Amino acid sequence: MKLKRSIPAAVIILVLLLTACGSNNKQQAAAVTEQDTVKIASWSQPISEQTNLLVSEEKDFFKKEGLDIEFITGAGGGDAIKNILSGKADIAFTDPGSLYFALNQGEKLKVIYNIYPQNVFNVVSLKEKNITNPEDLKGKKIGVYSLSSGTRQNLLVLLNQAGLSEKDVTIVETGLLNFAPLMQGQVDATAATDTGLVTAKEKGLVDVNVLEVKDHINVPSDVFVVTEKTYNEKKDLLKKFVKAYQTSAEWMIDEPEEAAALAVNYAIDGKDEKHNLDIIKLRNEASISDATSEKGLGALEVDVLQQGADIYKKLGLIDKDLHLSEVIVEDLLK
């Protein structure tokens, strides 16, 4: 009898234990699967050079930090900054020029990561034009993507380093297919990027001289920017993002072939795996510098970004003195 009475009691205890365990498991599962979403406003459509950021569903760089990535496309660095100012995104993948313009308008921003410390812009001409240094551009007709593009801004910076200005050349808007006017002799030179040059060579461009902007002043090509409000209110989230992005960039540097293969599925310009590999290798090279060798990927250089801002004012592109030491923050980098 005593045994009979104890059986229902044991069953009740077992049920309670199982229920408690089930509840704990559900809580643990929720804790594991709950992710914070980080919205990245890019200057572009999803392209192969950004593969490390695009494969978050397939690779777990960001998931390990408890993050989901939402990629918001744009048409230029200015668009990326507009999207963080409007609250549509947390982080802007943008260029220093767009940063300077926004700061000049009084926007409160912070630079948290140096994506490409190497300047990737250049000026390309056919060898028959004999343009071998920036001084040779005087009096020449030069193509740019658009008058608001990085190609024009970096061309002006290059001219400034040679003691020239926009008045010394004729600038022509050629659109994204800017190498066609060069090959057809409609311009003497064209301002482009290293990846644009690779694409043009794949299409038959040969025998060219290339003036690389970084040989004269090496202002970074792209940086991650947030609003001051986001920086103050979401610091833990930003730290997780920076850590995950560093891991993803290291992966793309170590495994460019794997990244090129994945880009086929994720990048709008990624159909050709060999082309992807060429582009990814260029961006891997642009991701490293003496500063990153010393401090790690993403290391920021205040002096260089300040030099760029000072040149922009000298060129009349902005009208205020900017103080980049008040804008750049390094506490999110490991």
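**Exercises on the pockets and the open sheet**

In the second largest pocket, the lining residues divide into four nonpolar, two polar and six charged. The structure is a predicted model.

**Exercise 1.** Determine which residues line the second largest pocket and about how much space lies in it.

*Solution.* Begin with the lining: L103, G106, E107, K108, L109, K110, E228, D321, L322, H323, E326 and V327. Next, take the classes: six of these residues are charged, four nonpolar and two polar. Finally, the space in this pocket is about 250 Å³.

**Exercise 2.** Describe the lining of the largest pocket and identify the element that gives the most to it.

*Solution.* The volume of the largest pocket is about 1500 Å³. Its lining comprises 48 residues, with W43, S44, Y145, L176 and T193 nearest the centre. Two or more residues come from each of α3 (77-85), α4 (96-104), α5 (150-161), α6 (179-183), α7 (194-202) and α11 (273-286). Of the elements, α3 gives the most, namely five residues. By class, the lining has 22 polar, 18 nonpolar and eight charged residues.

**Exercise 3.** Establish the strand order of the open sheet and state which helices pack on the sheet.

*Solution.* The five strands follow the order β7-β6-β8-β5-β9, with mixed pairing. The edges are β7 (170-173) and β9 (208-212), each paired on one side only. On average, neighbouring strands are turned by 30° against each other, direction ignored. Strands β6 (141-144) and β7 run parallel and are joined by four bridges; V144 stands opposite E173 in β7. Helix α5 packs on the sheet, touching β5 (121-126), β6, β7, β8 (189-193) and β9, and its direction makes about 85° with that of β5. Helix α7 also packs on the sheet, touching β5, β8 and β9, at about 115° to the direction of β8.

Methods. Residues are numbered from 1 along each chain as its sequence is written. This is a predicted model: local features need pLDDT of at least 70, side-chain atom pairs count only at pLDDT 80 or more; totals for chains, interfaces and linings use all residues. Side-chain values use heavy atoms; hydrogens and water are left out. On a 1 Å grid over the protein atoms alone, a cavity is a set of points where a 1.4 Å probe fits but cannot get out, and a pocket is an open set with protein on both sides within 12 Å along at least five of seven lines; lining residues have an atom within 4 Å of a point. Grid points are joined across faces, edges and corners, and a volume is the space filled by probe spheres set on the points. Ala, Val, Leu, Ile, Met, Phe, Trp, Tyr, Cys and Pro count as nonpolar, Asp, Glu, Lys and Arg as charged, and the others, Gly among them, as polar. Two strands pair if DSSP finds at least two bridges between them. Axes are lines fitted to C-alpha atoms, for helices over the stretch in contact, and angles run from 0 to 180 degrees between N-to-C directions. Contact means heavy atoms within 4.5 Å.
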